[in-house]
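Here's a quick tour of a protein fold, meant to be read with the picture open. Take a look at the model, then follow the notes below it.

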Amino acid sequence: RLSKSDRLSSVNPIDFLFKHCKRLQRFPLALNYVFTQNAPEPIQCLFAAPKRQFKKAVDRNRVKRVLRDRYRLLKPNFIEVVGSQQMHCALIYIGNTLPDYKAIDKSLLHILKDLKQVCASENT
């Protein structure tokens with residue numbers, strides 16, 4: 001389980017995230033992120049599934065549950081990539097059908113690889 005401090009839930013940081021974010025996209029996921037200061041955790045993440053694609057709340061909740069689970073397993077890798085920086089991010093499912101674990105894992109690994117390149121370029 002992800003702890004409460006691992007999830008991004010305050011209104012002000014969420015507003016700041018969506019106003020100043022950069023975006024990495026690998027179908028069926030998009031990662032909006034911004035580097036911050038003074039966060040309680042190295043990475044705080046928000047999980048979203050669009051109401052336009054998934055009319056039923058049951059389906060949206062399932063998508064978010066799958067995203068949280070897959071992110072939880074790869075969280076140590078994300079923390080390693082970010083290093084000493086702190087990051088707020090939103091992991092958004094942009095697919096049209098209910099997700100399967102393999103597609104989510106593959107997409108998250110690609111996003112992680114892209115994020116590693118971004119972090120390396122910002123540190124130099």
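## The sheet and what packs on it

Strand β2 (residues 29-36) and strand β4 (residues 86-93) run antiparallel to each other and pair over 8 bridges. Keep in mind that you're looking at a predicted model. The two strands belong to an open sheet of 4 strands, and helix α3 (residues 101-123) lies across part of that sheet, over β1, β2 and β4. Let's take the sheet, then the helices, then a few residues worth finding on screen.

**How the sheet is put together**

- Reading across the sheet, the strand order is β1-β2-β4-β3, and the pairing is mixed.
- The edges belong to β1 (22-26) and β3 (43-48): each has a single partner strand, so one side of each has no neighbour in the sheet.
- Go from one strand to its neighbour and you'll find a turn of 20 degrees on average, ignoring direction.
- As general background, strands in a sheet pair through backbone hydrogen bonds, and they can do so in a parallel or an antiparallel way.

**Strand by strand**

- β1 and β2 are an antiparallel pair with 5 bridges, and a hairpin of 2 residues links β1 to β2.
- To see one bridge of that pair, look for Gln25, whose partner in β2 is Ala30.
- For the pairing of β2 with β4, try Tyr33, which has Cys89 in β4 as its bridge partner.
- Right beside that in the sequence, Val34 is bridged to His88 in β4.
- What about β3 and β4, are they parallel or antiparallel? They pair in the parallel sense, over 6 bridges.
- One bridge to look for there joins Leu46 to Ala90 in β4.
- β4 is mostly covered up, with 7 of its 8 residues buried.

**Helix α3 on the sheet**

- Where α3 lies across β1, β2 and β4, the helix runs at about 30 degrees to β2.
- α3 is 23 residues in length and spans 32 Å from its first C-alpha to its last, close to the 33 Å you'd expect at 1.5 Å a residue.
- Which residues of α3 are buried? They are Ile104, Ser107, Leu108, Ile111, Leu112, Asp114, Leu115, Val118 and Cys119.
- Those buried residues pack against β1, β2, β4 and also α2 (57-82).
- For contrast, pick out Lys102, which also sits in α3 but counts as exposed because its relative accessibility is 71%, and the cut-off for exposed is over 50%.

**Two helices side by side**

- In general, a pair of packed helices is described by the angle between their axes and the distance between those axes.
- For α2 and α3, the angle is about 20 degrees and the axes are 10 Å apart.
- Angles under 35 degrees count as roughly parallel, so α2 and α3 are roughly parallel to each other.
- The crossing of α2 past α3 is right-handed.
- Residues of α2 that meet α3 include Val66, Leu67, Tyr71, Leu74, Phe78 and Val81.
- On the α3 side of this contact, you'll find Tyr101, Ile104, Leu108, Leu112, Leu115 and Cys119 among them.
- Lys102 and Arg70 are 32 residues apart in sequence, while their C-alpha atoms are 9.6 Å apart in space.

**A buried residue ahead of the first helix**

- Asp6 sits in the segment before α1 (11-20).
- Is Asp6 buried or exposed? Asp6 counts as buried because its relative accessibility is 7%, and buried means under 20%.
- Leaving out residues up to four places away in sequence, Asp6 touches Glu41, Ile43, Gln44, Cys45 and Lys75.

**Backbone oddities in the loops**

- Most residues other than glycine have a negative phi, and most peptide bonds are trans.
- The peptide bond from Phe27 to Pro28 is cis, with omega near 10 degrees.
- Pro28 is in the loop between β1 and β2.
- Asn38 isn't a glycine, but its phi is positive, near 60 degrees.
- You'll find Asn38 in the loop between β2 and β3, and with a relative accessible area of 76% this residue is exposed.

Terms used
Residues numbered from 1 in each chain as written. Predicted model: local features only at pLDDT ≥ 70, side-chain atom pairs only at ≥ 80, totals over all residues. Heavy atoms only, no water. Pairing = 2+ DSSP bridges. Axes fitted to C-alpha atoms, helices over the stretch in contact; angles between N-to-C directions. Contact = heavy atoms within 4.5 Å. Buried < 20%, exposed > 50% of the residue type's maximum accessible area, 1.4 Å probe, protein only. Expected span 1.5 Å × (residues − 1). Parallel < 35°, antiparallel > 145°, perpendicular 65-115°, else oblique. Left-handed = near helix turned anticlockwise from the far one by under 90°.
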